[in-house]
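Biologist: Could you pick one part of this model and take a close look at it with me? I would like to see how that part sits among its surroundings, and I would be glad to have each term explained as we go.

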Amino acid sequence: MDKGVGAGRAVRVGKREIFCSEVGSGPAVLLLHGGGPGATGLSNYSRNIEALARRFRVIVPDMPGYGRSSKFVDQSDPFGDLARAVGGLLDELGVDSAHLVGNSYGGAAALRLAMDRPEKVGRMILMGPGGIGSTRALPTKGLQELLAYYPGSGPSREKITRFIREYLVFDGAAVPDELIEQRFQASIDPEVIAHPPLRRPSGPLALRTLWRMDFTRDSRLREVVHPTLVIWGTDDKVNRPEGGRMLVEAMPNCDLYLAANTGHWVQWERAELFNAMATAFLEG
């Protein structure tokens, strides 16, 4: 846990408990983590919280389905459900509007909230966000690995090690064994195994769900006028970097930065660069 971050607390949002930690003061910044196995807010942003808390009130939730938050996610409209949970959390915390920082799954939640409740969102930083052109090409090998973690033989230390070292980051050797073990232990929570938060849409409405999960199919994307900074690792093996160009072409106030020698976890892999860019951008 980051120095200065309190023990955190569970906040009731509708029928769910959303666990979140806070540190710092100033404009509210909500850090939304990715959807990989065993992810939590504090672990995903371990290299960023302290730097951002010097200027901002940093709020770090565990997304629904992860960490110490309730495990239910509506699989008929996952990104919409995440956006409702995130917006509801801001309501419960008395935050009228917050800047959103979202990686992957969390980036998709941020973007959907900006569409559904634009008044709740200030500026956005999206790192390799999900839901960008996802119905326009076959899933990447990294995304296939991610979706195969719980099905079949079930979760294992071997599977999560392979995903993190080979697909999540550019330099797998840079990831400490302790971080992988922490993620593995979180991923085998019996409640998570019973209700995996990130899964392939299935059943008769699967096609409709897939369509909803691709924001490039949503006409509202062009109406997202919030100042947005997209940061994408050029070596991202989970979500294709071409998604950055799609967002720039669709959103009127969107800047794009491509980070060299970086995978899907830019805020961790290039923490010094990310912290400087994020602070400058969020300060406007």
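Modeller: Happy to, and let's begin with a term: two strands count as paired if DSSP finds at least two bridges between them. The helices (H or I, at least four residues) and strands (E, at least two) are DSSP runs, numbered from the N terminus. Please keep in mind that this is a predicted model, in which local features need pLDDT of at least 70 and side-chain atom pairs count only at pLDDT 80 or more, while totals for chains, interfaces and linings use all residues. Residues are numbered from 1 along each chain as its sequence is written, and side-chain values use heavy atoms, with hydrogens and water left out.

The part I would choose is strand 3, which covers residues 28-32. On one side, strand 3 pairs with strand 4 (residues 57-61) in the parallel sense, over three bridges. Within that pairing, V29 has V58 of strand 4 as its bridge partner. Strand 3 also runs parallel to strand 5, and four bridges join the two. There, L30 stands opposite L100 of strand 5.

How covered is strand 3? Five of its five residues are buried, where buried means under 20% relative accessible area, exposed means over 50%, and partly exposed lies in between (1.4 Å probe, protein chains only). In a regular strand the side chains alternate between the two faces of the sheet. Here A28, L30 and L32 point one way, while V29 and L31 point the other way.

Now let's step back to the sheet around this strand. Eight strands make up an open sheet of mixed pairing, in the order 1-2-4-3-5-6-7-8. Strand 1 (9-13) and strand 8 (254-259) are the edge strands, each pairing on one side only. From one strand to the next, the twist averages 25 degrees.

Two helices come into the picture here. Helix 3 (residues 78-92) lies across strand 1, strand 2 (16-23), strand 3, strand 4 and strand 5 (98-103), and runs at about 110 degrees to strand 1. Helix 4 (residues 105-116) packs on the sheet too, touching strand 3, strand 5 and strand 6 (121-127), and its direction makes about 150 degrees with that of strand 6. For these angles, axes are lines fitted to C-alpha atoms, for helices over the stretch in contact, and values run from 0 to 180 degrees between N-to-C directions. Contact means heavy atoms within 4.5 Å.

Both helices that touch strand 3 also take part in charge pairs. Side chains of opposite charge can pair when their charged atoms come close. The rule for a salt bridge is a side-chain nitrogen of Lys or Arg within 4 Å of a carboxyl oxygen of Asp or Glu, and by this rule the count comes to 19 salt bridges. One of them joins D91 and K120, with the closest N and O atoms 2.8 Å apart. This pair links distant parts of the chain, since D91 is in helix 3 and K120 is in the loop between helix 4 and strand 6, 29 residues apart. D91 is partly exposed, at 37% relative accessible area, whereas K120 is buried, at 6%.

Helix 4 has a salt bridge between two of its own residues: R112 pairs with D116, and the closest N and O atoms are 2.9 Å apart. The two lie four residues apart, about one turn of the helix. R112 is buried at 11% relative accessible area, and D116 is partly exposed at 32%. This pair belongs to a network of salt bridges that links D77, R112, D116, D218 and R220.

One last stop, away from strand 3, is D214, in the loop between helix 9 (206-212) and strand 7 (228-233). D214 is buried, with a relative accessible area of 0%. Leaving aside neighbours within four places in sequence, D214 is in contact with G131, I132, G133, S134, T135 and R136. From S134, the backbone nitrogen lies 3.3 Å from a polar atom of the D214 side chain.

Conventions:
A polar contact is a pair of N or O atoms within 3.5 Å; within protein, one must be able to donate a hydrogen and the other to accept it, and residues adjacent in sequence count only if both atoms are side-chain atoms.
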